[in-house]
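Visitor: Hello! Could you walk me through this structure, one question at a time?

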Amino acid sequence: MKRFLRDLLRSPWLQRALGVLAAEYLRLVWRTTRFSYDPANVYDMVEPAQPAIFAFWHGQHFMTPFIKKSGHRGKVLISRHRDGEFNALAVERLGIGTVRGSGDHGSAFHRKGGVGAFKEMLRVLEEGANMALTADVPKRSRVAGLGIIMLARESGRPIMPFAMATSRYIRLANWDRTTINLPFGRGALVGIKEIYVPPDANAATMEALRLELEETLNEATRRAYAQLGRPGPADA
């Protein structure tokens with residue numbers, strides 16, 4: 001039975017069905033949620049910095065495809081793991097391209113396709129499109145990794161940390177406190193500042209900027225949930 005269920009979940013037709021359902025559900029949430037923006041001119045801050053690297057926390061990412069405005073081009077990094085298949089199908093249905101691989105720069109970097117994904121992300125930015133990815137080290141919630149800092153250093157493009165939250169949600173008791181957004185509520189999009197990484201940044205500078213990214217993402221997440229009067233994932 002376990003093998004049957006595993007094979008069923010891996011079947012292409014079910015992955016496609018899940019991708020379509022996920023995309024249309026998220027579209028419903030977006031259309032029925034009244035979003036506020038902090039700062040109110042957040043898109044004025046984003047426009048001059050494009051193409052940019054958009055960073056957000058894992059588990060708080062489901063609504064992020066909707067930050068893209070008409071005319072913007074962008075792709076998102078999604079893992080090659082089988083769980084990533086329907087995620088990729090969902091975001092592509094929502095008009096976002098995908099780069100498949102891992103942002104992990106640890107021992108599994110080569111095995112997870114990290115080198116190829118890193119080069120492809122550089123190409124995306126060089127071609128003038130935005131690149132979006134979670135900042136967390138895999139399985140370590142709200143701990144920013146160096147991979148995104150390396151991407152900013154090599155591309156010369158700024159990191160734009162942001163958080164999106166909704167007042168109605170279900171929060172799972174897993175490693176990243178995944179938030180499943182629910183429709184018919186209020187929402188908040190918070191962007192604080194961009195982070196630039198010098199092309200000659202050494203190890204100490206990169207570590208300092210990694211910590212700055214981590215702190216900025218935590219503050220953006222805290223502000224987003226505070227505006228909605230709800231506890232953030234770190235407070236649950």
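**A guided tour**

Guide: Gladly! Let us begin in a loop: Arg 177 sits between strands β9 (169–171) and β10 (179–181). Keep in mind that this is a predicted model.

Visitor: What is the phi of Arg 177, and is the residue buried, partly exposed or exposed?

Guide: Most residues other than glycine have a negative phi. Arg 177 is not a glycine, yet its phi is positive, about 55°. Its relative accessibility is 22%, so Arg 177 counts as partly exposed.

Visitor: Where is Phe 184 found, and is it buried or exposed?

Guide: Phe 184 lies in the loop between β10 and β11. Phe 184 also has a positive phi, about 65°, without being a glycine. The cut-off for exposed is over 50% relative accessible area. Phe 184 has 58% relative accessibility, so it counts as exposed.

Visitor: Which residues does the cis peptide bond join?

Guide: Most peptide bonds are trans. Here, a bond with an omega of about 0° is cis. One of its two residues, Pro 39, is in the loop between β1 (34–38) and α3 (42–46). The cis bond joins Asp 38 and Pro 39.

Visitor: How many of the eight residues of strand β8 are buried?

Guide: In a regular strand the side chains alternate between the two faces of the sheet. On one side of β8, Ile 159, Pro 161, Ala 163 and Ala 165 are buried. On the other side, Met 160, Phe 162, Met 164 and Thr 166 are buried too. Strand β8 (residues 159–166) is therefore largely enclosed by the rest of the structure, and the number of buried residues is eight of the eight.

Visitor: Which residue in β8 is the bridge partner of Ile 53?

Guide: Strand β2 (residues 53–56) runs parallel to β8, and three bridges join them. For Ile 53, the partner in β8 is Ile 159.

Visitor: And which residue in β11 is the bridge partner of Met 164?

Guide: β8 also pairs with β11 (residues 186–191), in the antiparallel sense and over five bridges. Across this pairing, the partner of Met 164 is Leu 189.

Visitor: Where does pLDDT stay under 50?

Guide: pLDDT is the predictor's confidence in each residue, from 0 to 100. Over the chain its mean is 87, and 87% of the residues reach 70 or more. One stretch has 13 contacts beyond four places in sequence in the model, and its pLDDT stays under 50: residues 105–112.

Note on methods. Residues are numbered from 1 along each chain as its sequence is written. This is a predicted model: local features need pLDDT of at least 70, side-chain atom pairs count only at pLDDT 80 or more; totals for chains, interfaces and linings use all residues. Side-chain values use heavy atoms; hydrogens and water are left out. Buried means under 20% relative accessible area, exposed over 50%, partly exposed in between (1.4 Å probe, protein chains only). Helices (H or I, at least four residues) and strands (E, at least two) are DSSP runs, numbered from the N terminus. Two strands pair if DSSP finds at least two bridges between them. Contact means heavy atoms within 4.5 Å.
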